[in-house]
Amino acid sequence: MLTFVISIVVLILGYFIYGKIVERIFGADPKRATPATTMADGIDYVPMKPWRIYLIQFLNIAGVGPIIGAIMGAQFGTASFLWIVLGSIFAGAVHDYLSGMTSLRNKGCSLPEIHGEYLGNGVKQAMRAFTIILMILVGVVFVNTPATLLNQNFTPGWSPYIWISIIIAYYLIATLLPIDKLIGKIYPIFGLLLLGMAVAIVVAFIIYKPAIPEMWSGLQNRHPDAPNNPIFPMMFISIACGAISGFHATQSPLMARCMTNEMQGRPIFYGAMITEGIVALIWAAAAAYFFGPESEVDVTGKSGAAIVGIIANTWFTPVIATITILGVISAAVTSGDTAMRSARLIIADFLHYDQKPIKNRLIIAIPMFAITIAILVYSIADAHGFQLIWRYFAWANQLLATVTLWTIAVCFVIKKGGHWYLISLIPALFMTMVTGCFLFVAKGADGGLGDWIPRYLGYIIGAAITIANLILFIVWKKKFERGETKYEKGEEWGFEK
């Protein structure tokens with residue numbers, strides 16, 4: 001329990017200390033006008049109160065990631081606590097804050113536009129397609145998971161397609177309506193519910209005093225299939241949203257279009273990620289007990305969603321257990337709908353297509369939803385379809401975070417000079433190693449090539465990819481310093497059109 005308490009304290013201190021450092025390095029300016037005040041359109045650019053934006057951002061980025069991902073990551077042992085704490089402070093929150101503030105400085109533009117501005121037009125086009133695909137996968141995952149939970153826990157006799165149809169219909173409405181009409185009104189309520197669930201588990205810790213493992217008992221891999229699941233890189237892919245997630249940077253522009261002061265950025269972007277890290281740590285600690293030898297409940301082979309139900313029904317009254325399960329469902333649904341909204345905005349930015357008329361929003365949304373439904377049908381019809389989609393979603397999510405960190409490092413070389421780019425470069429290198437190794441170390445059942453490549457060779461390939469990216473960065477940086485690139489030192493923030 002002491003490890004858990006120390007971890008919570010470190011996360012909170014990380015917000016107040018390192019978060020303030022990152023804010024100062026970026027140079028947040030309270031006097032600078034924001035897109036919400038200069039480009040208000042009543043649809044996507046809508047000024048909102050900071051506390052409301054914070055809760056929406058928290059719920060948008062959370063989903064089931066800090067719950068399901070943290071539960072499955074807890075199988076690896078106390079190393080998961082270390083990753084959640086250090087990953088949230090030095091990687092995830094830095095990624096979220098700097099990507100969100102960069103969008104804010106550039107008219108609330110979508111993530112691929114930022115990639116393209118600093119990494120080139122080719123990267124922009126590739127990341128547009130990649131990000132849209134990821135958003136659709138998020139939509140699929142966050143339809144399937146809540147529909148399954150609803151069907152299993154509340155309407156076991158129903159066809160799963162009934163709940164899927166209801167959720168899809170809600171997604172379409174949330175994608176089309178002005179952001180303050182639905183998302184802005186109900187998300188803060190769901191955000192408080194998600195936080196309330198975490199508080200309820202902490203209360204259960206105090207009442208039941210479960211034997212949560214301590215970090216000084218060892219960081220060894222406790223995964224039930226440890227030979228096929230090395231901590232590096234598998235744990236770092238399993239625990240995504242609770243430490244760092246590329247999906248977060250796709251959601252930040254939604255909130256950047258609603259902020260009225262740059263000083264709101266630290267609580268909204270950095271703070272929401274730290275909050276998510278705390279939630280992930282709470283669920284990981286709870287799961288670590290149930291995975292341990294002192295648990296009276298056997299959770300071997302259980303899915304993350306099933307373990308949520310076990311935790312809720314073991315420690316809570318039936319009413320609170322039901323609320324907890326509904327909270328997990330709402331967390332999934334409220335990330336899925338904003339993923340689809342983000343996809344609409346990315347496509348609209350690409351096409352320079354005015355989104356004020358609702359018919360224009362429908363023109364983009366209808367084919368996008370048709371593709372989502374087709375993938376959903378496949379994931380249900382094929383027994384392994386959903387698991388395959390989830391694996392590639394998790395890896396693509398971390399790859400997107402990696403590209404975004406590289407983008408910010410380049411941006412800082414151009415905008416800030418000195419060595420400030422290191423706050424993004426160091427986590428970029430680490431995540432490059434994670435995503436590169438995963439492809440060549442993970443077994444085929446997990447979406448990798450580890451069945452055909454010796455593990456040591458997989459690590460060598462991952463390291464080679466990381467070193468190659470670092471060399472490319474250094475070569476580009478030297479060219480920039482010699483004035484041989486399209487950028488000039490001291491260039492003002494903002495895209496050159």
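**Exercise 1. Find which residues M255 touches, leaving out residues up to four places away in sequence, and place M255 in the structure.**

Solution.
Step 1. Beyond those sequence neighbours, M255 touches I53, I56, Q57, N60, I179 and F269. The model in which these contacts are found is a predicted one.
Step 2. M255 belongs to helix α12.
Step 3. The relative accessibility of M255 is 0%, so M255 counts as buried.
Step 4. Take the pair M255 and F269, which lie 14 residues apart along the chain. Their C-alpha atoms are separated by 9.0 Å.

**Exercise 2. Decide whether S252 is buried or exposed, and list its contacts outside the neighbours within four places in sequence.**

Solution.
Step 1. S252 is located in helix α12, which covers residues 246–256.
Step 2. The cut-off for buried is under 20% relative accessible area. S252 has 0% relative accessibility and therefore counts as buried.
Step 3. With neighbours within four places set aside, S252 is in contact with Q57, D96, S99, G100 and F269.
Step 4. Compare this list with that of M255. Q57 and F269 appear among the contacts of S252, and Q57 and F269 also appear among those of M255.

**Exercise 3. State how many residues the largest nonpolar core has, and which of them have the most contacts inside it.**

Solution.
Step 1. The largest nonpolar core has 162 residues.
Step 2. The residues with the most contacts inside this core are I67, Y97, L98, Y171, Y270, W283 and W315.
Step 3. Helix α13, residues 265–291, gives the core its largest share, 19 residues.
Step 4. Follow Y97 as one of the residues named in step 2. Not counting residues up to four places away in sequence, Y97 touches V22, E23, F26, A28, G265, R266, F269 and Y270.

**Exercise 4. Explain why helix α5 is described as largely enclosed by the rest of the structure.**

Solution.
Step 1. Helix α5 runs over residues 65–73 and has nine residues.
Step 2. Its buried residues are G65, P66, I67, I68, G69, A70, I71 and G73.
Step 3. Because eight of the nine residues are buried, α5 is largely enclosed by the rest of the structure.

**Exercise 5. Place T175 and find its contacts, leaving aside neighbours within four places in sequence.**

Solution.
Step 1. T175 sits in helix α9, residues 160–176.
Step 2. Its relative accessibility is 0%, so T175 counts as buried.
Step 3. Apart from neighbours within four places, T175 is in contact with D337, M340, R341, R344, M368 and F369.

**Exercise 6. Examine the backbone at K209, H352 and the bond between F232 and P233.**

Solution.
Step 1. K209 has a phi near 50 degrees, a positive value in a residue other than glycine. K209 is in the loop between α10 (183–208) and α11.
Step 2. The cut-off for exposed is over 50%. K209 has a relative accessible area of 64% and is therefore exposed.
Step 3. The phi of H352 is likewise near 50 degrees and positive, in a residue other than glycine. The loop that holds H352 lies between α15 (318–351) and α16 (358–381).
Step 4. With a relative accessible area of 70%, H352 is exposed.
Step 5. The peptide bond joining F232 and P233 is cis, with omega about 10 degrees. P233 belongs to helix α11, residues 231–238.

**Exercise 7. Determine whether M48, a loop residue, is buried or exposed.**

Solution.
Step 1. M48 is in the loop between α3 (35–38) and α4 (50–62).
Step 2. Its relative accessible area is 10%, so M48 is buried.
Step 3. M48 and A36 are twelve residues apart along the chain, and their C-alpha atoms are separated by 8.6 Å.

**Exercise 8. Describe the protein chain as a whole, starting from its helices and strands.**

Solution.
Step 1. The protein chain has 19 helices and zero strands.
Step 2. A compact globule of 497 residues would have a radius of gyration near 23 Å; the protein chain has 22 Å, which agrees.
Step 3. The C-alpha trace spans about 65 × 50 × 45 Å along its principal axes.
Step 4. Of the 497 residues, 59% are buried.
Step 5. Among contacts with a separation of 6 or more, 83% join residues 24 or more positions apart.
Step 6. The protein chain exposes about 19300 Å², of which carbon and sulfur atoms supply 68%.
Step 7. The chain has 34 positive and 27 negative charges, and the mean positions of the two sets are 5 Å apart.

How values were computed
Residues numbered from 1 in each chain as written. Predicted model: local features only at pLDDT ≥ 70, side-chain atom pairs only at ≥ 80, totals over all residues. Heavy atoms only, no water. Core = buried A, V, L, I, M, F, W, Y, C linked by side-chain atoms within 4.5 Å. Buried < 20%, exposed > 50% of the residue type's maximum accessible area, 1.4 Å probe, protein only. Helix = DSSP H or I, 4+ residues; strand = E, 2+ residues; numbered from the N terminus. Contact = heavy atoms within 4.5 Å. Rg over C-alpha atoms; globule rule 2.2 N^0.38 Å. Areas by Shrake-Rupley, 256 points an atom, 1.4 Å probe, with all protein chains shown as cover. Lys, Arg positive; Asp, Glu negative; His and termini not counted. Charge placed at Lys NZ, Arg CZ, Asp CG, Glu CD.
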